[in-house]
Amino acid sequence: MFKNYFKTAIRSLLRNKGYSLLNIMGLAVGMASTILILLWVGNEVGMDRFFSKIDRLYIMNNRDNFSGQLQAWNSTPKILGPTIKQNYPDVEDMSRFGNNNFLFTIGDKKITESGGYVDSSFFKLFDFPIVKGNTANAFNGVDKIVLTESFAKTLFGDTDPIGKTVKVDSSDIFTVSAIMKDLPANTTFRFKYLMPWTYRAKINDDDKYWGNNSIQTFVLLKEGAKLSTFNQKVRDITINHTKGNDNSTTQVFAFPIRDKYLYNKSENGKYVAGNLVTVRMFSIIAGLILLIACINFMNLSTARSEKRAKEVGVRKVVGARKGALVIQFMLESIILSFISFLIALLLVVIVLPFFNDLVGKKLAIRYGNFIFWGLSLLFIVFTGILAGSYPAFFLSSFSPVKVLKGTFKKANSKINPRSVLVVIQFTFAIVLIISTIIISQQMHYIQNRDRGYNQDALVFSDMSGDIPKKYPLIRQELLNSGAVTSVTKTMSPITQQYSDGWGFSWPGSVKEDEKLDFTRFSSDAQFVKTMGVKLLQGRDIDIYQYPTDSASILLTESAVKAMRLSNPVGSVVKGDGQDWRVVGIVKDFIIASPTEKVSPMMVLGPHSWFTTIHYRLNPARPVADNLKTIENIFKKYNSAYPFQYNFVDAEYAQKFVSIERTSKLTTLFSALTIIISCLGLFGLAAYMAEVRTKEIGVRKVLGASITSITTLLSKDFLRLVIVALLIAVPIAWYASHQWLLNFQYRIGVPVWAFVLAGVLSILIAILTVGFLSLRAAKANPTKSLRSE
């Protein structure tokens with residue numbers, strides 16, 4: 001029986017090649033788009049969830065009230081991990097992770113890479129695959145190091161790296177103890193190598209200060225341990241260890257690692273959906289694209305009802321039951337779905353490399369995985385049933401008597417389910433068009449936000465190797481070279497925030513002000529000139545002209561406002577164990593996220609710490625000449641390290657990678673949605689023109705103009721698009737408004753975006769339907785009326 005159904009289905013598809021091709025291509029594009037999105041969604045949802053002990057893995061977090069808001073963050077003191085392991089029996093093990101960046105030297109080869117300090121138990125918590133070596137003793141010495149596979153190849157080529165040595169930071173020799181596979185795409189860890197935490201202590205980079213939140217602490221709870229119970233026990237650990245000293249009010253809690261990536265937004269001291277919002281949005285888009293492709297199938301199938309009606313009537317007369325007809329039509333749909341899936345898979349293979357570049361990931365289809373093929377089969381059947389359900393029941397419901405008499409309901413009814421489906425289809429398309437416009441405008445808005453400083457010709461380099469101790473010589477020679485106009489050293493690049501702090505006091509401050517959180521920056525001299533910030537009051541820090549400026553401070557205008565200082569210059573600010581004298585006020589500038597409000601900031605003098613040199617290139621000389629001169633100076637005083645530099649404008653652009661990716665993805669899938677919708681509209685319009693051929697001929701014989709006939713054939717479709725627009729507008733407004741709430745610095749929902757989307761959707765419909773309508777209107781009426 002099913003063999004007969006299959007043969008009938010194949011014959012029907014071959015008999016209507018044009019219709020079949022249109023349906024197959026529409027479904028294929030829809031399925032390919034859905035597969036691509038689901039690959040990305042699967043990667044996002046699976047982030048850091050592949051560890052075997054994931055149900056017992058947690059990251060330690062802090063919670064405290066700052067500037068009137070309860071905040072949560074996951075950087076912790078270095079001492080927290082060992083204290084928890086020693087004093088809390090619920091903890092089976094722990095490991096800390098701290099970022100580092102070192103120079104690796106093998107012969108003449110010098111490479112700077114980023115890695116991490118970890119405790120010896122790291123691989124007990126996180127079972128990353130090991131290629132060579134043994135994780136049990138990978139860190140049993142202060143001079144042991146674990147490399148990723150690609151970094152090992154970069155250092156040692158194709159030779160076996162186990163047991164080989166490499167010079168780190170031009171001073172210490174490390175032995176390679178293990179090689180691990182390169183990090184997968186679905187992890188938030190970023191490192192090329194791992195060093196034992198004991199090495200950090202060796203170079204005096206470890207401390208037991210409970211106020212230094214600078215690393216991440218991970219814990220593995222014992223089997224049966226309850227998170228709520230553990231959090232209750234560990235909540236006041238920082239408070240208890242700072243009594244009589246800092247008197248911290250910071251609470252500590254553990255949060256599941258499996259949720260760390262998706263729930264990464266702090267709101268009232270709790271983690272809520274952050275990245276999950278984007279994942280949900282694109283999951284909905286995937287569903288909508290597939291649904292639109294299926295609606296195409298439904299519309300085209302039911303539009304052909306007149307051609308299939310007599311077939312259904314005859315089959316019913318000779319005894320076919322409705323159920324058998326439903327199965328036949330559903331089988332046709334599933335066969336189409338299967339063919340479409342094969343084409344979709346081919347499309348995915350072709351575009352996946354480009355898609356990976358777009359999303360910044362290494363997504364791949366695991367062809368050898370039986371789960372993939374099982375899910376693919378379900379996907380094919382689901383799509384076939386979804387697309388074919390309505391046509392199957394619609395076509396099989398025809399009354400044989402009415403069909404054979406020619407009195408069944410015609411395809412050109414003004415209101416029918418096909419009209420509803422077209423409205424639904426274009427509603428989704430218009431919502432995506434509006435969303436794309438608003439995302440693009442929000443991105444443009446934050447990209448063009450006043451940064452507060454001048455990025456042109458501003459460059460920075462890390463203070464590695466001998467640079468810190470030879471900085472005065474380097475600085476003076478840079479200024480004398482003519483390659484730069486000014487130089488300053490800072491605690492971080494101006495594009496990144498390394499530090500913030502609280503507990504400051506000043507004349508007129510109250511107890512509550514100690515909980516004001518200030519972003520911290522630093523400078524030795526020429527900060528205003530080098531960065532190009534605007535000086536509002538006072539002067540710049542300059543320890544070379546004013547030796548006492550080592551304890552001086554600049555405040556931003558937001559800091560002055562938060563501190564309620566009427567005459568800030570000359571005021572003394574107490575904090576960090578130091579009395580800081582305010583020498584100047586500068587305009588706010590962006591150092592953290594450009595999507596958020598600028599926090600109050602203090603630029604501290606040289607009593608603070610430094611990691612970065614900023615220098616402004618001389619605009620009167622070619623950039624290449626400037627950089628060559630600077631490179632020679634750096635090599636003269638820091639010969640063991642390669643000269644590396646970063647342009648500030650390029651680094652600042654990296655802050656927009658995420659929203660640019662969202663904008664590009666939304667634009668791409670909006671375009672695909674429109675294309676799929678137009679395919680369906682094109683096919684439907686072609687069929688409507690076909691079934692009204694005789695009507696058009698009669699109208700032309702009676703004197704109707706081409707314009708009137710074109711308008712007659714197009715207006716019904718335009719009405720549907722206008723109805724879709726009216727439905728889409730409130731949906732798009734609500735969705736856009738909710739998305740924009742994720743940004744502190746945001747645009748309003750622009751009215752013109754809805755107008756533009758409406759005009760675009762109507763133009764697209766006119767171009768799609770108008771061509772067919774015009775062709776039908778120009779047809780020779782003698783051909784259509786020859787049989788009359």
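A salt bridge here is a side-chain nitrogen of Lys or Arg within 4 Å of a carboxyl oxygen of Asp or Glu, and a search of the whole structure on that basis finds 29 salt bridges. The structure is a predicted model. The points below take up some of these salt bridges, then the second largest pocket, which has a volume of about 780 Å³, and finally two single residues, S376 in helix α12 and L726 in helix α22.

**Salt bridge between R258 and D55**

- The side chains of R258 and D55 form a salt bridge, with a distance of 2.7 Å from N to O.
- Because R258 sits in the loop between β11 (251–256) and β12 (265–267), while D55 sits in the loop between α2 (17–45) and β1 (57–66), the pair ties together parts that are 203 residues apart in sequence.
- The two partners fall into separate accessibility classes, since R258 has a relative accessibility of 29% and counts as partly exposed, whereas D55, with a relative accessible area of 56%, is exposed.

**Salt bridge between E92 and K124, and the network around it**

- A salt bridge also joins the side chains of E92 and K124, where the distance from N to O is 3.7 Å.
- This pair links distant parts of the chain, with E92 in strand β3 (residues 91–106) and K124 in helix α4 (residues 122–125), 32 residues apart.
- E92 counts as partly exposed at 28% relative accessibility, and K124 likewise counts as partly exposed, at 37%.
- Both residues belong to a network of salt bridges in which R56, K85, E92, D93, K124 and E223 are linked.

**Salt bridge between K265 and E267**

- In the salt bridge between the side chains of K265 and E267, the distance from N to O is 3.9 Å, which lies within the 4 Å allowed for such a pair.
- K265 is partly exposed, with a relative accessible area of 24%, and E267 also counts as partly exposed, at 39% relative accessibility.

**The second largest pocket**

- The second largest pocket is lined by 22 residues, and those closest to its centre are L38, L39, A364, R366 and F372.
- Two elements, α2 and α12, give two or more residues to the lining of this pocket, and α12 gives the most, with 6 residues.
- Sorted by class, the lining of the second largest pocket holds 14 nonpolar, 6 polar and 2 charged residues.

**S376 in helix α12**

- S376 is placed in helix α12, which covers residues 370–396, and α12 is also the element that gives the most to the lining of the second largest pocket.
- At 6% relative accessibility, S376 counts as buried, because buried means a relative accessible area under 20%.
- A polar atom of the side chain of S376 lies 2.8 Å from the backbone oxygen of F372, and F372 is itself among the residues closest to the centre of the second largest pocket.

**L726 in helix α22**

- L726 lies in helix α22, which covers residues 706–740.
- With a relative accessibility of 62%, L726 counts as exposed, because that class begins over 50%.
- L726 and I430 are 296 residues apart in sequence, yet their C-alpha atoms are 9.8 Å apart in space.

Methods. Residues are numbered from 1 along each chain as its sequence is written. This is a predicted model: local features need pLDDT of at least 70, side-chain atom pairs count only at pLDDT 80 or more; totals for chains, interfaces and linings use all residues. Side-chain values use heavy atoms; hydrogens and water are left out. Helices (H or I, at least four residues) and strands (E, at least two) are DSSP runs, numbered from the N terminus. Buried means under 20% relative accessible area, exposed over 50%, partly exposed in between (1.4 Å probe, protein chains only). A polar contact is a pair of N or O atoms within 3.5 Å; within protein, one must be able to donate a hydrogen and the other to accept it, and residues adjacent in sequence count only if both atoms are side-chain atoms. On a 1 Å grid over the protein atoms alone, a cavity is a set of points where a 1.4 Å probe fits but cannot get out, and a pocket is an open set with protein on both sides within 12 Å along at least five of seven lines; lining residues have an atom within 4 Å of a point. Grid points are joined across faces, edges and corners, and a volume is the space filled by probe spheres set on the points. Ala, Val, Leu, Ile, Met, Phe, Trp, Tyr, Cys and Pro count as nonpolar, Asp, Glu, Lys and Arg as charged, and the others, Gly among them, as polar.
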